[in-house]
Amino acid sequence: MFRRLLIATLTGVLAALAVAAFRHAMFLLEVLFLSNDSGSLVNAAGELAPWRRLITPALGGLAAGLLLWGWQIWTRQRPHAPTDYMEAINTGDGEFDYPGSLVKSLASLLVVASGSAIGREGAMILLAALAASWFARRFTPHTEWKLWIACGAAAGMASAYHAPLAGSLFIAEILFGTLMLASLGPVVIAAVVALLTTHLLSPGVTQLYQVQLSALPDGADYALMLATGLLAGISGPLFMWLMDRSHDLFIRLKLSPPWQLALGGLIVGLLSLLTPKVWGNGYSVVQGFLLAPPLLSVVAGVFICKLLAVLASSGSGAPGGVFTPTLFVGMALGMLFARLAGLWIPEAEMAVLLGLTGMAALLAATTHAPIMSTLMVCEMTGQYALLPGLLLACVLASVLSRTLRQNAIYGQRPAEGG
């Protein structure tokens, strides 16, 4: 066990370095091609001329599609190992296609840096798992390879979201399917070490999202949080159905991968002419809305445009994750509900409270992992006082979603998770 904990510590450091490398590569591409060093794709989009805002996501999708298509042709006659950490854990024997995974990560870097509405964290977690697998193959027995890939994935999530407990439970609830204590110890150690390493690399950064709530929830607040969980439980299956239909629609067009990804990027570019907030994974929009909740019309407008952008990006097959976009959709649903409820409940912080509840509940509805979803939002925001209400809302959302749709978002196309 002590040997495992030592390896878990090293895995955490490697995972944090892999995540940091991807983050810095993305920042470098934004500076080179978008002439923006703010670190926010929304800010970058807002400063571009309309014609550049229109074509940049399409060009990024075209470049990523050409890369993936070329690699597919080059390796068509070769045996294929998994290029996704979930597949390597669930169906494989711990083997990884290292060149294929790196090509996939590079393609993801191209689409996320060019503004597509897809999560960058999927590639970050893949690289973290890849680094863990590389280390494990050289210094651990074959029977442990799956464990160290799981540790790398949890550490990557902890580093990307500043949420070590949620990252550990992501592995336990979604990949292992149960809380396996024998395996959870190294996973937790790797996740915590990854977070500490990330703090050393980026001092001064604590929570991912800065939130200001002055009052604890009362009885009426808990009732509204449960109502938000009910709304998320219905919206989660609908959101997954929309992503499936979007993907089917792109498949019916029978385009080659480069043109398919370019079309997805072009749709994002067109939507960005209405609002630059559709660019990127939604992180900066979520942060802005949590600090200063906008009016109902603004939330509704951004929500519709961003949802269409997410559907276009994920449906076109853009390599990346849907984890952070799901957080945005959940927050927008919660804030829309809060603004409507605000017609008779005029508390100023209601939009933030129900926005956070929507984030956690929709995540639970799409992943069927209520404990992980609850801890994820608490760790990302530091609002641990909301844990009881969030847990109730997440359990309700997860149960209702599972009743309406058996498969979770990671049960259909795992390669697009993250």
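Helices (H or I, at least four residues) and strands (E, at least two) are DSSP runs, numbered from the N terminus. With that in hand, let us look at some close-ups of this predicted model.

**Figure 1. His162 sits in a loop and has a positive phi.** The loop that holds His162 runs between α7 and α8 (164-175). The phi of His162 is about 55°, although His162 is not a glycine. To see what is unusual here, remember that most residues other than glycine have a negative phi. Is His162 buried or exposed? His162 is buried, with a relative accessible area of 9%.

**Figure 2. Ser35 is another non-glycine residue with a positive phi.** Its phi is near 55°, and Ser35 lies in the loop between α1 and α2 (41-47). Here the surroundings make a nice contrast with the previous view: Ser35 counts as exposed, at 60% relative accessibility, whereas His162 is buried.

**Figure 3. A salt bridge joins the side chains of Arg4 and Glu144.** Side chains of opposite charge can pair when their charged atoms come close. In this view, the N to O distance is 3.6 Å. Why does this pair tie together parts that are 140 residues apart in sequence? Arg4 belongs to helix α1 (residues 2-34), while Glu144 belongs to the loop between α6 (121-139) and α7 (145-161), so the salt bridge connects these two parts. Arg4 is partly exposed, with a relative accessible area of 26%. Glu144, at 6% relative accessibility, counts as buried. Look for Arg3 as well, since a network of salt bridges links Arg3, Arg4 and Glu144.

**Figure 4. Arg405 and Asp244 form a salt bridge.** The closest N and O atoms of this pair are 2.7 Å apart. To find the partners, go to the segment after α17 (387-404) for Arg405 and to helix α10 (residues 219-252) for Asp244. These two residues link distant parts of the chain, 161 residues apart. Both Arg405 and Asp244 are buried.

**Figure 5. Within helix α10, Asp248 pairs with Arg245.** Their side chains meet in a salt bridge, with 2.6 Å from N to O. Asp248 and Arg245 are three residues apart in the helix, so about one helical turn separates them. Asp248 is partly exposed, at a relative accessible area of 28%, and Arg245 is partly exposed too, at 35%. How many salt bridges does the model have? The count comes to five salt bridges.

**Figure 6. Thr11 is a buried residue of helix α1.** The relative accessibility of Thr11 is 1%. Which residues does Thr11 touch, if we do not count those up to four places away in sequence? They are Ala132, Trp148, Cys151 and Gly152. One of these neighbours, Cys151, is itself buried, with a relative accessible area of 0%. Another cysteine to look up is Cys305, which counts as buried at 12% relative accessibility. A disulfide is a covalent bond between the sulfur atoms of two cysteines. How many disulfides are counted in this model? The count is zero.

**Figure 7. Tyr161 is among the best-connected residues of the largest nonpolar core.** In soluble globular proteins, nonpolar side chains tend to be buried together. The largest nonpolar core here has 127 residues, and those with the most contacts inside it are Tyr161, Leu290, Met359 and Met376. Helix α15 (residues 350-367) gives the most to this core, with 13 residues. Zoom in on Tyr161 and leave aside its neighbours within four places in sequence: Tyr161 is then in contact with Glu121, Leu208, Phe323, Thr324, Leu327, Met376 and Met380.

**Figure 8. Six residues make a nonpolar patch on the surface.** Leu226, Leu230, Ile234, Leu392, Leu396 and Leu404 form this patch of about 510 Å². Which elements give two or more residues to the nonpolar patch? They are α10 and α17. One member to pick out is Leu230, found in helix α10, which counts as partly exposed at 42% relative accessibility.

Methods. Residues numbered from 1 in each chain as written. Predicted model: local features only at pLDDT ≥ 70, side-chain atom pairs only at ≥ 80, totals over all residues. Heavy atoms only, no water. Salt bridge = Lys/Arg side-chain N within 4 Å of Asp/Glu carboxyl O. Buried < 20%, exposed > 50% of the residue type's maximum accessible area, 1.4 Å probe, protein only. Disulfide = S-S within 2.5 Å. Contact = heavy atoms within 4.5 Å. Patch = residues over 30% accessible without salt bridge, like charges linked within 9 Å, V, L, I, M, F, W, Y side chains within 5 Å. Areas by Shrake-Rupley, 256 points an atom, 1.4 Å probe, with all protein chains shown as cover. Core = buried A, V, L, I, M, F, W, Y, C linked by side-chain atoms within 4.5 Å.
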